Amino acid sequence: MLEVQQLHQYYGGSHILRGLSFQARVGEVTCLLGRNGVGKTTLLKCLMGLIPAREGEVRWEGRPITHAKPHQRVQAGIAYVPQGREIFPRLSVEENLLMGLSRFPAREARTVPSFIYELFPVLQEMKHRRGGDLSGGQQQQLAIGRALASRPRLLILDEPTEGIQPSVIKEIGVVIRKLAARGDMAILLVEQFYDFAAELADHYLVMSRGEIVQQGRGADMEAEGVRGLVAI
Ligand SMILES: Nc1ncnc2c1ncn2[C@@H]1O[C@H](COP(=O)(O)OP(=O)(O)O)[C@@H](O)[C@H]1O
Ligand SMILES: [Mg+2]
């Protein structure tokens, strides 16, 4: 389980995360929703150790990781798909995927595990193409595939549907559902696309101005008025 307690973070003088607390359980998709600028990406960067947390605690599988370095979090089984994808455009699809294996000994890090290509057949078809030559949707699949290559037990996704064509959004949804069904992974999905989040969420969180202001079961999102809270 991921446990976040009373997390605070600042950019200069602006107080961005304001005592934020929540949990994300293994075997569940936890969807974090919230309007632009409320601090969702900032939270994920804190969870990944890319920016420091000023105050509060983050625990993963019972151990505090609040001050761990990003690579230590990767070793602890946490993977992150950043907003905007950030693949390596000049490297091939295969080389991009191999980057995701960096936490393993060199021997194991030479071949892309077959389950990645099974989840995303398009990546196998395109494995010798440069990442930058892929469509936006294919790049998103590549970024998710790279994250999965590290065999995470916590997968963090920042707006994976942003700017992506509907057919690929559907495919990404199917993959997230398959991963959740395995039951051995916690998935923290930040989304502004309400229908996509509502379809996948076991648990939902609504963030506003650096705090979680509402949460509940995914099945209750509509009844609890979440659509109106996060409408852009
Ligand atoms: N590197 C930065 N330096 C200063 N302010 C930032 C930085 N990144 C984001 N912000 C500000 O922090 C707030 C939260 O941003 P962000 O976490 O990206 O929100 P969200 O992902 O919910 O849209 C916004 O007001 C944004 O302008
Ligand atoms: Mg964001």
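Helices and strands on this tour are DSSP runs, numbered from the N terminus: a helix (H or I) has at least four residues and a strand (E) at least two. What you have open is a predicted model, where local features need pLDDT of at least 70, side-chain atom pairs count only at pLDDT 80 or more, and totals for chains, interfaces and linings use all residues. Residues are numbered from 1 along each chain as its sequence is written, chains are lettered from A and ligands numbered from 1 in the order in which they are written, and side-chain values use heavy atoms, with hydrogens and water left out.

**Stop 1: strand 1**

Select residues 2-11, which form strand 1, and look for Gln6 inside it. Gln6 has a positive phi of about 50°, even though it is not a glycine. Is Gln6 buried, partly exposed or exposed? Buried means under 20% relative accessible area, exposed means over 50%, and partly exposed is in between (1.4 Å probe, protein chains only). With 46%, Gln6 is partly exposed.

Now click on Gln9, also in strand 1. Gln9 is buried, at a relative accessible area of 3%. Which residues does Gln9 touch, leaving aside those up to four places away in sequence? A contact means heavy atoms within 4.5 Å. Show Ser14, His15, Ile16, Leu17, Thr42, Cys46, Ile51, Pro52 and Arg54, and you have the set that Gln9 touches.

**Stop 2: helix 1**

Two of those neighbours of Gln9, Thr42 and Cys46, are also among the buried residues of helix 1. Helix 1 is mostly covered, with 7 of its 9 residues buried. Colour Lys40, Thr42, Leu43, Leu44, Cys46, Leu47 and Met48 to see the buried ones. Just after helix 1 comes Gly49, with a positive phi of about 80°.

Step back to the loop between strand 3 (29-33) and helix 1, and pick Gly37. Gly37 is exposed, with a relative accessible area of 79%. Try a distance from there: Gly37 and Thr66 are 29 residues apart in sequence and 23 Å apart in space, C-alpha to C-alpha.

**Stop 3: the magnesium ion**

Select ligand 2, the magnesium ion. What are its protein donors? Donors are N, O and S atoms within 2.8 Å of the metal (3.2 Å for Na, K and Ca), and water is not among the atoms, so sites may look incomplete. Here the protein donors are Thr41 (OG1) and Gln83 (OE1), 2.0 to 2.3 Å from the ion. Thr41 sits in helix 1 (residues 40-48) and Gln83 in the loop between strand 6 (78-81) and helix 3 (93-99), so the pair ties together parts that are 42 residues apart in sequence. Thr41 is partly exposed at 22% relative accessible area, and Gln83 is partly exposed at 25%.

**Stop 4: a loop with a twist**

Go to the loop between strand 4 (55-60) and strand 5 (63-64) and click on Glu61. Glu61 has a positive phi of about 50° without being a glycine. Its relative accessible area is 31%, so Glu61 is partly exposed.

**Last stop: zoom out**

Show the whole chain as a cartoon, and you can look for 9 helices and 10 strands. The C-alpha atoms fill a box of roughly 45 × 35 × 35 Å, taken along the principal axes. Of the 232 residues in the chain, 53% are buried. Among the contacts with a separation of 6 or more, 67% are between residues 24 or more positions apart.
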